[in-house]
Amino acid sequence: MESGTAERIDAAAFLGAWRRFDADDNGYIEGKELDDFFHHLVEKLGPEDITEEKVQRMKEQFMSACDVTTDRRLQIQELANMILPDDENFLLLFRRETPLDNSVEFMRIWRSYDADSSGYISAGELKDFLRDLFLQHNKMVTEVKLEEYTDTMMKIFDKNKDGRLDLNDLARILALQENFLLQFKMDACSTEERRRDFEKIFAHYDVSKTGALEGPEVDGFVKDMMELVKPSISGVDLDKFRQILLNHCDVNKDGKIQKSELALCLGLKINP
């Protein structure tokens, strides 16, 4: 393995490269995909000049160490074990199992396991989450193993060692996808552009298709809105901004944000 590889490739970069070359997502790359993958890896490790010799040397180095069945193909787990440090490798396998592409579902999970509404996930709450996750995947895990996994997760993600995880920690664990709102131009000029964007945005967060945002739908919208200006937010921050938004937009005080109410807050006229 090239010196410094583990320090210079993280789970996100590795998974991005793997998905690019494992086109059928079967957990293997083989044939020409192998050459392309290692060429990409050498590029990532740059900045030195890339030569075919370097690519082939790295490829053979990994193949001799990882390809235990000598079938000239690599499994994602085999390569991850060679390249990634333990904490990033653990995160990588978690990402493959539980991809999340919507902040609404993420906030539903957060609210479910932040049982005491403290704005944090305790070790006990994290253990409950992991237990349910394994059940969802029809995997039986002993209590001893569950304790081990919980301890590992806390060691990796509890950066300030206070025995709890915040909103951003859980987002990293669950590999929450890019903020949906980043694709929109917040300075859209024409009324028509703004109206079109509003319709797309509201439809994304109105997961229940009721014509109103409520519960985790409001949470998801608030989270993504806040992160446009403040990339790292806490559960406590989110609750404060959620209440501010409801105070401002929830005209009929039903605890929901109707489509017409949100449009009014944003200075938009929408078709009834």
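**Stop 1: a pair of helices at right angles**

Helices α12 and α13 are roughly perpendicular to each other, because an angle from 65 to 115 degrees counts that way and theirs is roughly 105 degrees. Select residues 216–227 for α12 and residues 235–249 for α13, and turn the view until you can see both. The two axes come within 10 Å. One thing to keep in mind as you click around: this is a predicted model.

Now show the side chains where the two helices touch. On the α12 side, pick Val-218, Asp-219, Phe-221, Val-222, Lys-223 and Met-226. Their partners in α13 are Asp-237, Leu-238, Phe-241, Arg-242 and Leu-245. Try colouring this contact by residue class: you should get 7 nonpolar residues, 4 charged ones and no polar ones.

**Stop 2: Leu-238 and Arg-242**

Stay in α13 and click on Leu-238, which belongs to that helix. Is Leu-238 buried or exposed? Its relative accessibility is 1%, so Leu-238 counts as buried. What does Leu-238 touch, once you ignore residues up to four places away in sequence? Light up Met-107, Arg-111, Leu-167, Asp-219, Val-222, Lys-223, Met-226 and Ile-233. If your viewer has a distance tool, draw a line from the C-alpha of Leu-238 to the C-alpha of Asp-219: the separation is 7.5 Å, while along the chain these two are 19 residues apart.

Next, click on Arg-242, also found in helix α13. Arg-242 has a relative accessible area of 18%, and since buried means under 20%, this arginine is buried. Setting aside neighbours within four places in sequence, the contacts of Arg-242 are Arg-111, Gly-215, Val-218, Asp-219 and Val-222. Did you spot some familiar names? Arg-111, Asp-219 and Val-222 are also on the list for Leu-238.

**Stop 3: a lysine after α13**

Follow the chain out of α13 into the loop that leads to β6 (257–258), and select Lys-253 there. This lysine is exposed, because its relative accessibility is 56%. Look at the backbone as well. Most residues other than glycine have a negative phi. Lys-253 is not a glycine, yet its phi is positive, at about 55 degrees.

**Stop 4: another lysine in a loop**

Where is Lys-209? You'll find it in the loop between α11 (191–205) and β5 (212–213). Here too the phi is positive, about 60 degrees, although Lys-209 is not a glycine. With a relative accessibility of 60%, Lys-209 counts as exposed.

**Stop 5: Gln-177**

Move to the loop between α10 (167–173) and α11, and click on Gln-177. Gln-177 is partly exposed, with a relative accessible area of 40%. Which residues does Gln-177 contact, leaving aside neighbours within four places in sequence? Select Leu-100 and Asp-101 to see them. Then add Ser-103: Gln-177 and Ser-103 lie 74 residues apart in sequence, but from C-alpha to C-alpha the gap is 8.3 Å.

**Stop 6: α8 and α9**

Select residues 123–136 for α8 and residues 143–157 for α9. The axes are 9 Å apart, and the angle is about 120 degrees. That makes α8 and α9 oblique to each other, as roughly perpendicular stops at 115 degrees. Their crossing is right-handed. From α8, the contact takes in Ala-123, Leu-126, Lys-127, Leu-130, Arg-131 and Phe-134. From α9 come Glu-143, Leu-146, Glu-147, Tyr-149, Thr-150, Met-153 and Met-154. Sorted by class, this contact has 8 nonpolar, 1 polar and 4 charged residues.

**Stop 7: α4 and α5**

One more pair: select residues 52–66 for α4 and 76–83 for α5. The angle between them is about 110 degrees, with the axes 10 Å apart, and these helices are therefore roughly perpendicular to each other. The crossing of α4 past α5 is right-handed. Show Phe-62, Ala-65 and Cys-66 in α4, then Glu-78, Leu-79, Met-82 and Ile-83 in α5, where the two helices meet. This contact holds 6 nonpolar residues, 1 charged and no polar.

**Last stop: zoom out**

Now show the whole chain. How many helices and strands are there? The protein chain has 14 helices and 6 strands. Of its 272 residues, 43% are buried. Switch on the surface: the accessible area is about 14900 Å², and carbon and sulfur atoms account for 52% of it.

Note on methods. Residues numbered from 1 in each chain as written. Predicted model: local features only at pLDDT ≥ 70, side-chain atom pairs only at ≥ 80, totals over all residues. Heavy atoms only, no water. Axes fitted to C-alpha atoms, helices over the stretch in contact; angles between N-to-C directions. Helix = DSSP H or I, 4+ residues; strand = E, 2+ residues; numbered from the N terminus. Parallel < 35°, antiparallel > 145°, perpendicular 65-115°, else oblique. Left-handed = near helix turned anticlockwise from the far one by under 90°. Contact = heavy atoms within 4.5 Å. Nonpolar A, V, L, I, M, F, W, Y, C, P; charged D, E, K, R; others polar. Buried < 20%, exposed > 50% of the residue type's maximum accessible area, 1.4 Å probe, protein only. Areas by Shrake-Rupley, 256 points an atom, 1.4 Å probe, with all protein chains shown as cover.
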